Every structure is written in C-alpha cells, then in structure tokens.
Amino acid sequence: MPNPTTPPTPSGAPSSRVKVQDVTLLSDSWYVLKKTTFDYLRSDGNWQRQSRETYDRGNGAVLLLFNAARNTVVLIRQFRFPTFVNGNADGMLIEACAGQLDGDDPETCIRREAMEETGFQIRNPRKLFEAYMSPGSVTEKLHFFAAEYEAADRVAQGGGHEHEGEDIEVLEFTLPEAMELVKTGAIQDGKTIMLLQHAALVGLKNLG
C-alpha cells in the first residue's frame, strides 16, 4: 500500500518519475489536443514507456449561488452538445454557473460569469475547494466557489452571450428540490452535484 506519510510532488514542480520523450500537436482548432510519449518510473523501480492524449481547455471556476434564509440555490440550464451525442435526449443540462478563467484569477472569473449567465452581481464569494474534473484525459482544474445572493443582487437579465452560442435559462430551487433532481437524474452535471452535495453536507448557512 502507498505510504501516507510520503509527501506528494509540490504543485508545479516536475516529477522525477516522468521523462517526456515526444509531444505531438493533434489539434488546435478550439482548444489544444496533444499526444505525449513519456517514460514513467513505476513503483517496482522499472521505467515504462507510455503514451497519452491530453485535452487542454484551460482552467475554470464554478459558483453555487445560495440564499441561506430561504434555503434556495440558483442554477442555470443550457444546451450541451457533447451530452446530446451521449444519451441526453435534448442536450439540456442543469448546472451551476461556471466558465473558463481566460487569463483572469478565479474570483474575477466567477464574478464575470455570474453576471453574464445569471445577471447576479455577487457579493463576497468564498473559495471552497479545487478539483480536477476528468484527469484521465482533460487537464482542466476547477475552482469551486459559493456566494450568497438576495433578489436585489440580480441587476441584469443574464442568459449568456448569443455570439458564443449561449442560450441560458436561470433557475431557482430550494436545496431539497435540487437534491431530489440529483437523485432522479434530472441534474447530471458533475461539478454541480459536487457543490450541491457539499451544501447539503455543511448546510447553506455555513457556505458564506
């Protein structure tokens, strides 16, 4: 079994167990797809040649808007083509507000995305945690936030940018309603389920 006392490689520091041999650019059309061949030092002391494809779309941030007094959360619904080709009949997905950093720090990003997608001007966002969402092939790390809202904080319509293909519906649920949608499969987005489960675990009043 792994030794739990062995510290991990510091973030950003190269691992001495990986020696990159070749990198091939496969696509740079929307985001960046590369094939990398590398040698990996296995736990038994032997080096093994491996090859992996990685899809780099940058890092992102995601936000759960909540109102503790009313026990409600704000989510969005939008069309997601990849889900449409993988069993989601209408391609619509209920999600928490999220977006790519695009050169901004995570808090600036989530303030921008909240305004664009929901119309809410958020106050005092709190960083909850970070997570790699699909580490087998996608490089993206998400920064998870929560922020409390009042009705007066919605200062714009939201809905996203038409020129980016966004057509976003803003939704409000009680937390129990949202958790029931997770249970029934009406909410299937991973980042959203993580935020809702965290909120249910600690309570909305402890998110702020």
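**Loop asparagines, a buried leucine and a helix pair**

Asn124 is found in the loop between helix H2, residues 106-118, and strand S8, residues 126-132. Before I continue, please note that the model under discussion is a predicted one.

I begin with this loop residue. Asn124 has a positive phi, about 50°, although it is not a glycine. Is Asn124 buried or exposed? Its relative accessibility is 66%, and with the threshold for exposure set at over 50%, Asn124 therefore counts as exposed.

A second asparagine, Asn71, belongs to the loop that joins strand S4, residues 60-67, to strand S5, residues 72-79. Here too phi is positive in a residue other than glycine, with a value near 60°. Asn71 has a relative accessibility of 30% and so counts as partly exposed.

The third asparagine is Asn88, in the loop between helix H1, residues 81-84, and strand S6, residues 92-95. Asn88 has a relative accessible area of 19%; buried means under 20%, and Asn88 is therefore classed as buried. What lies 3.0 Å from a polar atom of the Asn88 side chain? The partner is the backbone oxygen of Met92. Setting aside residues up to four places away in sequence, Asn88 touches Thr83 and Leu93.

I turn now to a strand residue. Leu171 sits in strand S10, which covers residues 169-174. Because its relative accessibility is 10%, Leu171 counts as buried. Which residues does Leu171 contact, leaving aside its neighbours within four places in sequence? They are Val73, Val74, Leu75, Ile76, Arg77 and Ile94. For one of these, Ile76, the C-alpha atom is 5.5 Å from that of Leu171, while the two residues are 95 apart in sequence.

Finally, the helix pair. Two packed helices are described by the angle between their axes and the distance between the axes. Helix H3 spans residues 175-184 and helix H4 residues 190-202; their axes come within 10 Å and cross at roughly 130°. H3 and H4 are therefore oblique to each other, and their crossing is left-handed.

Which residues meet at this crossing? From H3 they are Leu175, Ala178, Met179 and Val182, and from H4 they are Ile193, Leu196, Gln197, Ala199 and Ala200. By class, the residues of this contact comprise 8 nonpolar and 1 polar, with no charged residue.

To close, I would set two residues side by side: Asn124 is exposed, whereas Leu171 is buried.

Conventions. Residues are numbered from 1 along each chain as its sequence is written. This is a predicted model: local features need pLDDT of at least 70, side-chain atom pairs count only at pLDDT 80 or more; totals for chains, interfaces and linings use all residues. Side-chain values use heavy atoms; hydrogens and water are left out. Axes are lines fitted to C-alpha atoms, for helices over the stretch in contact, and angles run from 0 to 180 degrees between N-to-C directions. Helices (H or I, at least four residues) and strands (E, at least two) are DSSP runs, numbered from the N terminus. Angles under 35 degrees count as roughly parallel, over 145 as roughly antiparallel, 65 to 115 as roughly perpendicular and the rest as oblique. A crossing is left-handed if the near helix is turned anticlockwise from the far one by less than a right angle, and right-handed if clockwise. Contact means heavy atoms within 4.5 Å. Ala, Val, Leu, Ile, Met, Phe, Trp, Tyr, Cys and Pro count as nonpolar, Asp, Glu, Lys and Arg as charged, and the others, Gly among them, as polar. Buried means under 20% relative accessible area, exposed over 50%, partly exposed in between (1.4 Å probe, protein chains only). A polar contact is a pair of N or O atoms within 3.5 Å; within protein, one must be able to donate a hydrogen and the other to accept it, and residues adjacent in sequence count only if both atoms are side-chain atoms.
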